[in-house]
Amino acid sequence: MQWMSGVESGKLLWEKSKSFPSTYEAFDSFTEFDEDENYRALYNQLSNYGHPRSKSPVYPQISSSVQEVLENVVLTGNDAQEELEKTVERINAKLKRYSVG
């Protein structure tokens, strides 16, 4: 795990797939993030506003549920509060299987 989240693996990931590295040091190894305005904008967005995903055993369900809420509200005009309440219920139901006690 340590290697997979380190500088060298981040460099390799960028070189082979153009997936963004996970460390600032790896980013600093490539000139694209200074020279190319599009890569620089993406780097600035990621470094200023990006954050790791939440540590939850039901993260895939959380992510898809949030996406579903956004789609239902924006694309179909459903009530935002109602959609959020339904989503919270679905997520809580998934989390119950991981509850201790």
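This passage describes aromatic pairing, a nonpolar surface patch and the setting of one threonine in a predicted model.

The structure holds 11 aromatic pairs. One of them is formed by Trp14 and Phe33, whose ring centres lie 4.8 Å apart with the planes at 50°; the pair is therefore tilted, as this angle falls between the limits of 30 degrees for stacked and 60 for edge-to-face rings. Distant parts of the chain are linked by this pair, since Trp14 belongs to helix 1 and Phe33 to helix 3 (residues 32-35), with the two positions 19 residues apart in numbering. Trp14 has a relative accessible area of 1% and is thus buried. Phe33 is likewise assigned to the buried class, at 4% relative accessibility. Both residues also take part in a cluster linked by ring pairs, which further includes Phe20, Tyr24, Phe27, Phe30, Tyr39 and Tyr43.

Helix 1, which spans residues 7-17, also contains Leu12. With a relative accessibility of 38%, Leu12 is classed as partly exposed, because this value lies between the 20% limit for buried and the 50% limit for exposed residues. Together with Met1, Trp3 and Met4, Leu12 makes up a nonpolar surface patch of about 530 Å².

Thr87 is located in helix 6, which covers residues 80-96. Its relative accessible area of 4% is under the 20% limit, so Thr87 counts as buried. When neighbours within four places in sequence are left aside, Thr87 is in contact with Ser65 and Val69.

How values were computed:
Residues numbered from 1 in each chain as written. Predicted model: local features only at pLDDT ≥ 70, side-chain atom pairs only at ≥ 80, totals over all residues. Heavy atoms only, no water. Patch = residues over 30% accessible without salt bridge, like charges linked within 9 Å, V, L, I, M, F, W, Y side chains within 5 Å. Areas by Shrake-Rupley, 256 points an atom, 1.4 Å probe, with all protein chains shown as cover. Salt bridge = Lys/Arg side-chain N within 4 Å of Asp/Glu carboxyl O. Helix = DSSP H or I, 4+ residues; strand = E, 2+ residues; numbered from the N terminus. Buried < 20%, exposed > 50% of the residue type's maximum accessible area, 1.4 Å probe, protein only. Phe/Tyr/Trp six-rings, centres within 6.5 Å; stacked < 30°, edge-to-face > 60°. Contact = heavy atoms within 4.5 Å.
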